[in-house]
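Let's take a walk through this one, stopping at the charged spots, a helix contact and a couple of odd backbone angles. Have the structure open as you read.

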Amino acid sequence: MDFKVYLQNYQPFVYKTFTNARKNNKLAQTYLVKGNDGAPILEVALFLAKSLVCESEDYLACSNCLNCIRFEDNNYADFMLLDGNKQTLKVGDIELLQEFLSSSSMEKKGKKIYVINCLENSNKETLNALLKTLEEPHENVYAFITTKNENKLLPTILSRCQILNLLPSDRESVKEEVLEKGVSIDDCEILSTLFTNVEAIMNNLEDETYKLCKDCLFDTLDALEQSTYKGLFYVQSELVSKIKTKEQARLYLDLLAIAFKDVLLYQMEQDITLEVYKSTISNIAKNVKGVDKIYSEIMLSRGKIESNISISLLLEHIFIKMIQGGNVNGK
């Protein structure tokens, strides 16, 4: 994706805020890029960071000069990325960041730049450690922090950031473009819910974790279509041997949440996301009671993944809750 075009056409506030700041030499030292699930928050943060090292005279990265190429190849010495989307950020990560910021600049630009992705995936101690770094910023240091849930961040951190809010993309236009590229209808319906831009959808289409979790989701729905007891049996006999890592568990629960939100919408006679699975969704809506509580339980369970709780026990817990919610058709 050409992020210069993306910002200019679809994110005018971010485009104008950042380019005007560069034009007037009034860059904030810390930017917070926030967006909903699927928004390209990390990609935008990296593009803005790259813009600060670009050799062109434009205010946004050209992506063609030597500095841009080195930045994209992770070969720019004065840049550091901490990715909370891959693992929970710890105090030790912030200590490494502080060492990086305290060292002398190695590039001609003389700027130290760092990106922290999904800062909400941090504990309180980590957030407090970062706050100290933000309270006493080094000269010529620029930070780009991303989040999908600013409510999990400290108000004192938010107060030290220039907030760049990404607007959601039109899902229908994204779906149309993805379908034109030959993506199957089921992948299109799922991925256009998880991601709000075409490039992210295409990049994740062949991801092995996505393929695994999608297959597990459809197997789960097939079992639940028969009964909640069949659902629990599937979890205990097959699912727990497939969903082992935190990354897999997060994505599986994201997909399960989409499905159960659809069950709720179907019960309320509203449009659903997984149209290709409408028959199964309708049968689950008849079989399962307390769908709103189950949906909430799925979302709560997703938030517990970062703790040391057993993934298999967490998954079993959700389906036991389904049984406790009631089963119309029996065993």
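E180 is exposed in this predicted model, with a relative accessible area of 69%. You'll find E180 in helix α8, which covers residues 171–180. It has company, too: D170, E172, E176, E177 and E180 form a negative surface patch.

From charges in a patch, let's go to charges in pairs. Side chains of opposite charge can pair when their charged atoms come close. Here the structure holds twelve salt bridges. Take D58 and K4, whose closest N and O atoms are 2.8 Å apart. D58 sits in the loop between α3 (41–51) and α4 (66–72), while K4 belongs to helix α1 (residues 3–10), so this salt bridge ties together parts that are 54 residues apart in sequence. Both ends are partly exposed: D58 has a relative accessible area of 38%, and K4 has 24%.

Now look at D186 and K214, another salt bridge, with 3.5 Å between the closest N and O atoms. D186 is in helix α9 (residues 185–194) and K214 in helix α11, so the pair links parts 28 residues apart in sequence. Are these two buried or exposed? D186 is buried because its relative accessible area, 17%, is under the 20% cut-off, and K214 is buried as well, at 12%.

Helix α11 also has a salt bridge of its own, between the side chains of K211 and E208 (3.9 Å, N to O). Both residues lie in α11, three residues apart, or about one turn of the helix. K211 is partly exposed at 28%, whereas E208 counts as exposed at 57%. Back with the buried pair, salt bridges that share partners join D186, D187 and K214 into one network.

Stay on helix α11 (residues 208–226) for L212. This leucine is partly exposed, with 23% relative accessibility. Leaving aside residues up to four places away in sequence, L212 touches K242, I243 and Q248. L212 and Q248 are 36 residues apart in sequence, yet their C-alpha atoms are 8.2 Å apart in space.

Last, the backbone. Most residues other than glycine have a negative phi. Which way does C118 go? C118 has a positive phi of about 55° without being a glycine. That cysteine lies in the loop between β3 (112–117) and α6 (124–135), and C118 is buried, at 2% relative accessible area. N140 is another non-glycine residue with a positive phi, about 60°. N140 is in the loop between α6 and β4 (141–147), and at 36% relative accessibility N140 counts as partly exposed.

Methods
Residues are numbered from 1 along each chain as its sequence is written. This is a predicted model: local features need pLDDT of at least 70, side-chain atom pairs count only at pLDDT 80 or more; totals for chains, interfaces and linings use all residues. Side-chain values use heavy atoms; hydrogens and water are left out. Helices (H or I, at least four residues) and strands (E, at least two) are DSSP runs, numbered from the N terminus. Buried means under 20% relative accessible area, exposed over 50%, partly exposed in between (1.4 Å probe, protein chains only). Contact means heavy atoms within 4.5 Å. Patches are made of residues with over 30% relative accessible area and no salt bridge: like charges are joined within 9 Å, nonpolar side chains (Val, Leu, Ile, Met, Phe, Trp, Tyr) within 5 Å. Accessible areas come from the Shrake-Rupley method with a 1.4 Å probe; for residues, only the protein chains shown count as cover. A salt bridge is a side-chain nitrogen of Lys or Arg within 4 Å of a carboxyl oxygen of Asp or Glu. Lys and Arg count as positive and Asp and Glu as negative; His and the chain ends are not counted. The place of a charge is taken as NZ of Lys, CZ of Arg, CG of Asp or CD of Glu.
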